[in-house]
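Here is a friendly note for a colleague opening this structure for the first time. Please keep the 3D view at hand while reading the numbered points.

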Amino acid sequence: MPELPEVEIVKRTLKNKVNYKKIKKIIITNRNLRFKVQENFENLLEGRSITNVSRFSKYIILSLDNHNYCLIHLGMSGTLHLIKNKKKEKITNLSFYHSKILPKKHNHIKIKFSNFDIIYNDPRRFGFFKLLNNKKELIKYFERFGPEANSSKFNFKYIKHKFKNKKKNIKNTLLDQNFVSGIGNIYANEILFYSKINPFKVAKKLTNKEISKLIKHSKLVLNLSIKFGGSSIRDFKNVKGISGLFQNNFKAYNRENKNCVKKNCKGKIIKLFISNRSSFFCKFCQK
């Protein structure tokens with residue numbers, strides 16, 4: 001599942017292609033995504049120009065010239081593909097997941113521009129598109145979300161208050177989008193390894209020093225991943241020719257039975273499951 005860094009890369013690529021472009025036509029072949037695509041979706045978008053492409057957490061936000069907003073969530077398996085009208089590309093995928101080129105099946109929404117199309121493909125259909133009428137609705141929609149981990153709002157005071165009576169383990173706490181936005185399983189593993197915190201440790205038992213480490217390394221890991229183009233679980237480039245390279249820098253995730261990379265540590269990375277999600281950590285380093 002794409003996490004904040006991967007969605008940020010998709011957002012940047014999409015913005016480069018569609019900013020200030022007019023939507024000519026919308027074709028929907030399957031409305032049954034996680035939430036059913038509203039009946040008047042096509043009418044509300046056709047003829048509108050995109051004035052900005054932004055992101056919050058794992059959501060891509062298309063700002064329209066009538067002050068409406070279109071939210072795109074990629075879910076577990078959703079990808080966006082760029083198809084040029086007169087040129088066949090070897091790579092169409094804007095992200096680093098699944099197929100390099102547009103699959104023949106599971107193409108649900110096509111957004112047509114003058115010289116190209118953006119197509120939403122999603123085999124599992126956990127993603128969705130949602131229209132919001134104004135800025136007030138946009139703000140309200142994200143009220144329930146916690147701050148992004150690489151923002152200034154994710155600070156010591158905020159975390160100390162949230163952890164006061166938190167009986168949930170720190171791994172599941174990092175995955176809770178109401179606490180912090182955009183962190184998924186891959187980066188939760190990496191953040192806890194960098195911070196030397198055991199994923200099973202109860203959140204309220206973290207020391208002040210551990211909270212400070214958590215803040216520092218949450219920002220470090222996410223910003224490094226964005227810098228490296230995200231994590232390509234499969235080895236290929238996106239439509240801009242950029243590879244996601246952060247997987248080459250994993251310290252814990254997917255390194256089961258490999259030696260711990262911490263200096264002077266003789267431990268190995270072990271894999272256990274927390275709430276049915278794989279957790280990779282070193283039991284010697286992460287107390």
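## Notes on the sheets, helices and spaces

1. Let's start with a pair of strands. Strand 1 and strand 6 (residues 107–112) are paired in the antiparallel sense, with four bridges between them. If you want one bridge to look for, take Ile27, whose partner in strand 6 is Lys110. Please keep in mind throughout that this is a predicted model.

2. That pair belongs to an open sheet of four strands in the order 1-6-7-5, with antiparallel pairing. Strand 1 and strand 5 (79–84) stand at the edges; each has a single partner strand, so one side of each is left without a neighbour in the sheet. From one strand to the next, the twist averages 20 degrees.

3. Now follow the sheet onward from strand 6. A hairpin of three residues joins strand 6 to strand 7, and these two strands pair in the antiparallel sense over five bridges. Here Asn107 has Asn121 in strand 7 as its bridge partner. Strand 5 is joined to strand 7 by six bridges, again in antiparallel fashion, and Lys84 has Phe116 in strand 7 as its bridge partner.

4. How many of the six residues of strand 7 are buried? Six of the six are, so strand 7 is largely enclosed by the rest of the structure. In a regular strand, side chains alternate between the two faces of the sheet. You can follow this along strand 7: Phe116, Ile118 and Tyr120 point one way, while Asp117, Ile119 and Asn121 point the other way, and all are buried.

5. Next, please look at the other open sheet. Its four strands come in the order 2-3-4-8, and the pairing is antiparallel. Strand 2 (50–56) and strand 8 (128–132) are the edge strands, each pairing on one side only. In this sheet the twist averages 20 degrees from one strand to the next. Strand 4 (residues 69–73) and strand 8 run antiparallel and are joined by five bridges; His73 stands opposite Phe128 in strand 8.

6. Which strands does helix 1 lie across? Helix 1 lies across strand 2 and strand 3 (59–64), and runs at about 175 degrees to strand 2. A good residue to pick out here is Val10, which is found in helix 1. With a relative accessible area of 2%, Val10 is buried. Leaving aside residues up to four places away in sequence, Val10 touches Ile60, Leu80, Leu94 and Ser95. Val10 and Leu80 are 70 residues apart in sequence, yet their C-alpha atoms are 8.1 Å apart in space.

7. Just after helix 1 comes another residue worth a look. Asn19 lies in the loop between helix 1 (4–18) and strand 1 (25–28). Is Asn19 buried or exposed? Its relative accessibility is 16%, and buried means under 20%, so Asn19 counts as buried. Apart from residues up to four places away in sequence, Asn19 touches Leu14, Ile50, Thr51, Asn52 and Val53.

8. Helix 6 (residues 185–195) deserves its own point. Of its 11 residues, 11 are buried, so helix 6 is largely enclosed by the rest of the structure. Among these buried residues are Ile186, Tyr187, Glu190 and Phe193. The buried residues of helix 6 pack against helix 1, helix 5 (170–175), helix 7 (208–227) and strand 10 (277–281). Helix 6 is followed by Lys196, whose phi is positive, near 60 degrees.

9. Finally, the empty spaces. The structure holds one cavity of 30 Å³ or more, and the largest cavity has about 50 Å³ of space. Its lining is made up of Leu14, Val18, Ile50, Leu62, Ile72, Ile111, Phe113 and Ile118. By type, the lining of the largest cavity divides into eight nonpolar residues, no polar and no charged.

10. There is also a pocket to inspect. The second largest pocket has a volume of about 190 Å³. Phe56, Phe142, Phe145, Gly146, Pro147, Glu148, Ser151, Lys153 and Tyr158 line this pocket. The lining of the second largest pocket divides into five nonpolar, two polar and two charged residues.

Methods:
Residues numbered from 1 in each chain as written. Predicted model: local features only at pLDDT ≥ 70, side-chain atom pairs only at ≥ 80, totals over all residues. Heavy atoms only, no water. Buried < 20%, exposed > 50% of the residue type's maximum accessible area, 1.4 Å probe, protein only. Contact = heavy atoms within 4.5 Å. Pairing = 2+ DSSP bridges. Axes fitted to C-alpha atoms, helices over the stretch in contact; angles between N-to-C directions. 1 Å grid on protein atoms, 1.4 Å probe; cavity = no way out; pocket = protein on both sides within 12 Å on 5 of 7 lines; lining within 4 Å. Points joined across faces, edges and corners; volume = space filled by probe spheres on them. Nonpolar A, V, L, I, M, F, W, Y, C, P; charged D, E, K, R; others polar.
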